[in-house]
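These are my notebook entries on one structure. I recorded each item as I looked it up.

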Amino acid sequence: MAGVSDKIKSIVGFLTSGFENRDDIFEDMASEMDEYPVSDNLALEPMYSSKSTQNTNVVSHPGFKGYEVVVSEPRSYEESVSIVKQLKDKKTVILNLHLLDKEQAMRIVDFLCGATHALNGNQQKIGDSVFIFTPSNVALSSESQKSKFIRDALWNQPQ
């Protein structure tokens with residue numbers, strides 16, 4: 001049994017051997033604090049060490065212009081090709097079809113849904129004759145009216 005306890009002590013000793021006993025840590029901190037000029041216990045000019053940014057490895061992407069949202073109100077089916085080009089350029093498109101008749105609007109929505117699916121994007125109806133189409137780098141999340149009603153019913157119960 002003594003062999004097991006000696007083994008445990010050696011393992012614990014090995015694990016804790018890297019830690020130093022630092023009783024003078026507060027003295028070190030106090031000596032650093034004396035370097036700052038103070039007035040009424042407030043630091044006047046803190047001394048910060050700044051690293052130069054010349055040797056950083058962060059490089060901006062030359063083609064990234066940020067996220068862009070385009071609102072489109074097409075007047076004919078032919079304009080749907082330019083909308084797909086905007087999706088290919090990673091732009092989010094809000095499509096307002098209030099200027100078109102029902103048949104033309106359905107054709108445009110069907111075409112854009114297919115193109116968005118081919119580009120791994122997302123689409124969603126957000127209002128009467130209003131749709132949103134997003135490229136693959138933009139995620140859509142929404143909450144249906146039914147789930148809102150269930151959530152509100154659960155959280156607004158009298159206690």
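Entry 1: two helices in contact. I looked up which residues of helix 3 meet helix 4, in what is a predicted model. On the side of helix 3, I noted Ser80, Val81, Ile83, Val84 and Leu87. On the side of helix 4, their counterparts are Ile108, Phe111, Leu112, Ala115 and Thr116. Two packed helices are described by the angle between their axes and the distance between the axes. For helix 3 (residues 80-88) and helix 4 (residues 102-118), I found an angle of about 25 degrees and axes 10 Å apart. Angles under 35 degrees count as roughly parallel, so I recorded helix 3 as roughly parallel to helix 4. The crossing of helix 3 past helix 4 is right-handed.

Entry 2: the sheet. In what order do the strands of the sheet stand? I found an open sheet of 4 strands in the order 3-4-6-5, with mixed pairing. Strand 3 and strand 5 are at the edges and have a single partner strand each, so one side of each lacks a neighbour in the sheet. On average, neighbouring strands of this sheet are turned by 20 degrees against each other, direction ignored. I then looked up how the helices lie on the sheet. Helix 3 packs on the sheet and touches strand 3, strand 4 and strand 6. The direction of helix 3 makes about 155 degrees with that of strand 4. Helix 4 also packs on this sheet, where it touches strand 4, strand 5 and strand 6. The direction of helix 4 makes about 20 degrees with that of strand 6.

Entry 3: the pairings. Strands of a sheet pair through backbone hydrogen bonds, either parallel or antiparallel. Strand 3 (residues 69-72) and strand 4 run parallel and are joined by 4 bridges. In this pair, I located Val69 opposite Thr92. Strand 3, helix 3 and strand 4 together make a right-handed β-α-β unit. Strand 4 and strand 6 (residues 130-134) run antiparallel, with 4 bridges between them. Here Asn96 has Val130 as its bridge partner. Strand 5 (residues 122-127) and strand 6 are likewise antiparallel, joined by 5 bridges. I found Gln123 opposite Phe133 and Gly127 opposite Val130. The hairpin of strand 5 and strand 6 has 2 residues between the strands, and Ser129 takes a positive phi near 60 degrees there.

Entry 4: burial. Is strand 4 largely enclosed or left open by the rest of the structure? Of the 5 residues of strand 4 (residues 92-96), 4 are buried, so I recorded this strand as largely enclosed. For strand 6, I found 5 of its 5 residues buried. Both faces of strand 6 are covered. On one side I listed Val130, Ile132 and Thr134, and on the other Phe131 and Phe133.

Key:
Residues numbered from 1 in each chain as written. Predicted model: local features only at pLDDT ≥ 70, side-chain atom pairs only at ≥ 80, totals over all residues. Heavy atoms only, no water. Buried < 20%, exposed > 50% of the residue type's maximum accessible area, 1.4 Å probe, protein only. Pairing = 2+ DSSP bridges. Right-handed = clockwise from strand over helix to strand, strands pointing away. Axes fitted to C-alpha atoms, helices over the stretch in contact; angles between N-to-C directions. Parallel < 35°, antiparallel > 145°, perpendicular 65-115°, else oblique. Left-handed = near helix turned anticlockwise from the far one by under 90°. Contact = heavy atoms within 4.5 Å.
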